[in-house]
Amino acid sequence: MGEVTGGCCPPMDLFRSEAMQLVQLIIPIESAHLTVSYLGDLGLLQFKDLNAEKSPFQRTYAAQIKKCGEMARKLRFFKEQMEKAGVSPSSKPLTQTDIDMDGLELKLGELESELVEMNANNDKLQRAYNELIEYKLVLLKAGEFFSSALSSATAQQRELESRQVGEESLDTPLLADQEISTDSSKQVKLGFLSGLVPKEKSLAFERIIFRATRGNVFIRQAAVEEPVKDPVSGEKTEKNVFVVFYSGERAKTKILKICEAFGANRYPFTEDFGKQHQMIDEVSGRVSELKTTIDAGLAHRSNLLHTIGDQFVQWNSLVRKEKSIYHTLNMLSLDVTKKCLVAEGWSPVFGSKQIQEALQRAAFDSNSQVGAIFQVLHTRESPPTYFRTNKFTTAFQEIVDAYGVAKYQEANPGVYTIVTFPFLFAVMFGDWGHGICLLLATLVFIIREKKLSGQKLGDITEMTFGGRYVILMMALFSIYTGLIYNEFFSVPFALFGRSAYACRDLSCRDATTEGLIKVGPAYPFGVDPVWHGTRSELPFLNSLKMKMSILLGVAQMNLGIILSYFNAVYFRNGLNIWFQFIPQMIFLNSLFGYLSLLIIVKWCTGSQADLYHVMIYMFLSPTDELGENQLFVGQKIVQQVLLLLALVSVPWMLLPKPFLLKKQHQDRHQGQSYAPLQSTEESLQVEVNHDAHEEFEFSEVFVHQLIHTIEFVLGAVSNTASYLRLWALSLAHSELSSVFYEKVLLLAWGFNNIAILIVGIIVFIFATVGVLLVMETLSAFLHALRLHWVEFQNKFYEGDGYKFYPFSFALLSDEDE
């Protein structure tokens, strides 16, 4: 936990990062594996890679990592097979059982080979089954072709015979006698091929065969009613049974090649009807036998996958842990005797006792004769940044970390972001009706968070779920600012008492302020409902929100500069207090702090002074009289003094700091030719950081200070103007809400038609949800984000640190292999 100077208050967990230390562990080789395992369970040590110059294959435990990688591959294979079979891994809680890794490796190998063999056998059987199904279809459909052809041929023969018995007529074909007398030995014998072709290719298939054989073929096709599984691809496809009659071997060769090109499966067929029935019976018998065999094989495979599923989570967790342990052991260096491993890493100071207890437990459990040695190293290296967050503060801290991770123990803006971020969002989103909608949506996530946290959600849903507490705060603050603006879906309500204004007579009920007189005390909370719908609503709310935006902006920028003071005090940097904090406070408040004061004075006194005129002529003509724009006595002298202070603060920021830094550097390195001898460890640590203090580039420091000064001076103006986005987005949200209410809901209500009213309500709901609750929420969120990152954090936040990533088994589940 970060140390805070002064003992009046307890240290804050989030205000400064935890105090860190660089520790060295000397671990005997026989207890190294168990030690790293216990440290992984603890999750309080970030190991440094002491073998960075070695490639992964040159490291000590490369073989073990390869073995774990192979086991992980087998487990991924099992997972794929279980997903295909619809078997889910057991969700039973893990039981702590000692599993030998060598035994697990053998078991996984046996299971993999058994499963691969089952899959291969199943594929063969399935292919044979699909081929038999297709063969049966060919036998049935082609049999229909032949039987229909035989019946039509018999009918033609009978007709021909009946014609020959009767008398010849003029209609008798001239060649009939010649055809009958043709020698039967010269008749052409036709061959045929049968099979199945995909339905989508059937037309092209028929056309290509016709062209290739120059029309010397006869093709018959019949569609199969149900899609069939293709034996090669295993996918269900719609197919046609075909029979091609041809003459000659050349035609047959061409047809075979075309069948191969079109993926048409061919099957043998006989003209003999007796043999056809016999073959159908045989194929049907073999199909039923294969079906029984396949079902038995699938049942056996399903049992095996269920057995794997029961142990899968435990095996997967064990292999991942084992791999991470060996990966961490590879970061350790062997000492000279090759009997110990040396580890270095960062840990929080509060975790020292727990780490030492884990080392002692590991030495005892591994029956090591020598315990591990724990010692703290002194270093000038910058430690990692570690904040202990909970489920509420994590999302706010991630908003800050997205800009940059805090430097070690600098002031953390995350503490203030918890309040300021949702508040600035709500200033732009102020409507308590919309706030309630956001609150209800967020409560769904919060109430079901235990269930949802264990599920895999979509990208957008997961992002929304992760920021549920941010949205909760945004919704609560939106309800608060909505009550101040007195807007419920743009409709005002007199919730906190009666309006202060009333009509002078009955003629002033229209939407104007003419005729309204103040009859009572001011409305107690927020905007008086009578302002809404009047002619002066927009000028009044514009003035209110614009001035409020400037006040909020100046307050937040002052908070940023004050935090830079606390950073300077904490790091004992007096230069930053005298030549950064003080001149920045003077410059900002001489101009915009003074403007904020004028706004408050004007509100309190009801003056009609033009603040634009006051601020412009404060620069252009500081000696001129203010006249009617004077708000208080001595205002002219105050403005001249503030302007002078603002002008003085610019060189105050720019010039002294580089020269004083140069003097400090010279004093630090003066007389370093002779220095007391250091111990070995200290000299090693000094050598690492020796080059960092070797030279002082005055030109670089001066240019850096010049850029910083110009950035602050120009930024003071642009950042203050940037806060006007609070006014602009609040106005846009209010006007959009008003348009949807008046031009959709009220318009639909005015038709006195139930159908139009229902359509109007549906359009209003979709417009409100789509535009105001989704797009406007995202817009206000992004603008609030920009105000924090640019306008607030650039006043004090360096954000050049790096996160603390401890070696922890709890984090493994979130990482992909």
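The legends below describe an overview and several close-up views of a predicted model.

**Figure 1. Overview of the protein chain.** The protein chain contains 23 helices and 13 strands. Of its 817 residues, 41% are buried. The accessible surface of the chain is about 46900 Å², and carbon and sulfur atoms account for 59% of that surface. Among contacts in the chain with a separation of 6 or more, 81% are between residues 24 or more positions apart. The structure holds 37 aromatic pairs and 18 salt bridges.

**Figure 2. The aromatic pair of Phe 192 and Phe 269.** The model holds 37 aromatic pairs, and one of them is formed by Phe 192 and Phe 269. The two rings are edge-to-face, with 6.2 Å from centre to centre and 70° between the planes. Phe 192 belongs to strand S3 (residues 191-198), while Phe 269 is in the loop between strand S8 (265-267) and helix H7 (273-329), so the pair ties together parts that lie 77 residues apart in sequence. Phe 192 has a relative accessible area of 16% and is buried. Phe 269 is also buried, with a relative accessible area of 12%.

**Figure 3. The aromatic pair of Tyr 565 and Phe 566.** The ring centres of Tyr 565 and Phe 566 are 5.6 Å apart and the ring planes are at 65°, so this pair is edge-to-face. Tyr 565 is partly exposed, at 31% relative accessibility. Phe 566 is partly exposed as well, at 41% relative accessibility.

**Figure 4. An aromatic cluster and two charges over rings.** One aromatic cluster is made up of Tyr 403, Trp 789, Phe 792, Phe 796 and Tyr 797. In a second view, Arg 388 lies over the face of Phe 350, 4.2 Å from the ring centre. In a third view, the ring of Phe 698 has the charged end of Lys 662 over it, at 5.2 Å from the ring centre.

**Figure 5. Ser 490, a buried loop residue with a positive phi.** Ser 490 is found in the loop between helix H14 (468-485) and strand S12 (501-503). Its relative accessibility is 14%, so Ser 490 counts as buried. Leaving aside residues up to four places away in sequence, Ser 490 touches Asp 431, Ser 734, Ser 737, Ser 738 and Tyr 741. The phi of Ser 490 is positive, about 75°, although the residue is not a glycine. Most residues other than glycine have a negative phi.

**Figure 6. Lys 338, an exposed loop residue with a positive phi.** Lys 338 is in the loop between strand S9 (333-334) and strand S10 (340-348). Its phi is near 60°, a positive value in a residue other than glycine. At 61% relative accessibility, Lys 338 is exposed.

**Figure 7. A nonpolar patch on the surface.** The patch consists of Tyr 612, Ile 616, Tyr 617, Phe 619 and Leu 620, which together have about 570 Å² of accessible area. Phe 619 is part of helix H17 (residues 611-620). This residue has 45% relative accessibility and counts as partly exposed.

**Figure 8. The salt bridge between Glu 791 and Arg 786, and a network around Arg 73.** The side chains of Glu 791 and Arg 786 form a salt bridge with an N to O distance of 2.8 Å. Glu 791 is buried, its relative accessible area being 0%, whereas Arg 786 is partly exposed at 32% relative accessibility. Elsewhere, salt bridges that share partners join Glu 70, Arg 73 and Glu 112 into one network. Within that network, the closest N and O atoms of Arg 73 and Glu 70 are 2.7 Å apart. Both Arg 73 and Glu 70 lie in helix H2 (residues 62-85), three residues apart, which is about one turn of the helix. Arg 73 is partly exposed at 31% relative accessibility, and Glu 70 is partly exposed at 34%.

**Figure 9. The salt bridge between Lys 407 and Glu 798.** The side chains of Lys 407 and Glu 798 meet in a salt bridge of 3.3 Å, N to O. This pair links distant parts of the chain, 391 residues apart. Lys 407 is in the loop between helix H9 (393-403) and helix H10 (414-429), and Glu 798 is in the segment after helix H23 (754-792). Lys 407 is partly exposed, with a relative accessible area of 24%. Glu 798 is partly exposed too, with a relative accessible area of 47%.

Note on methods. Residues are numbered from 1 along each chain as its sequence is written. This is a predicted model: local features need pLDDT of at least 70, side-chain atom pairs count only at pLDDT 80 or more; totals for chains, interfaces and linings use all residues. Side-chain values use heavy atoms; hydrogens and water are left out. Rings of Phe, Tyr and Trp (its six-membered ring) pair if their centres lie within 6.5 Å; planes under 30 degrees apart count as stacked, over 60 as edge-to-face and the rest as tilted. Helices (H or I, at least four residues) and strands (E, at least two) are DSSP runs, numbered from the N terminus. Buried means under 20% relative accessible area, exposed over 50%, partly exposed in between (1.4 Å probe, protein chains only). A charge sits over a ring if NZ of Lys or CZ of Arg is within 6 Å of the ring centre and within 35 degrees of the ring normal. Contact means heavy atoms within 4.5 Å. Patches are made of residues with over 30% relative accessible area and no salt bridge: like charges are joined within 9 Å, nonpolar side chains (Val, Leu, Ile, Met, Phe, Trp, Tyr) within 5 Å. Accessible areas come from the Shrake-Rupley method with a 1.4 Å probe; for residues, only the protein chains shown count as cover. A salt bridge is a side-chain nitrogen of Lys or Arg within 4 Å of a carboxyl oxygen of Asp or Glu.
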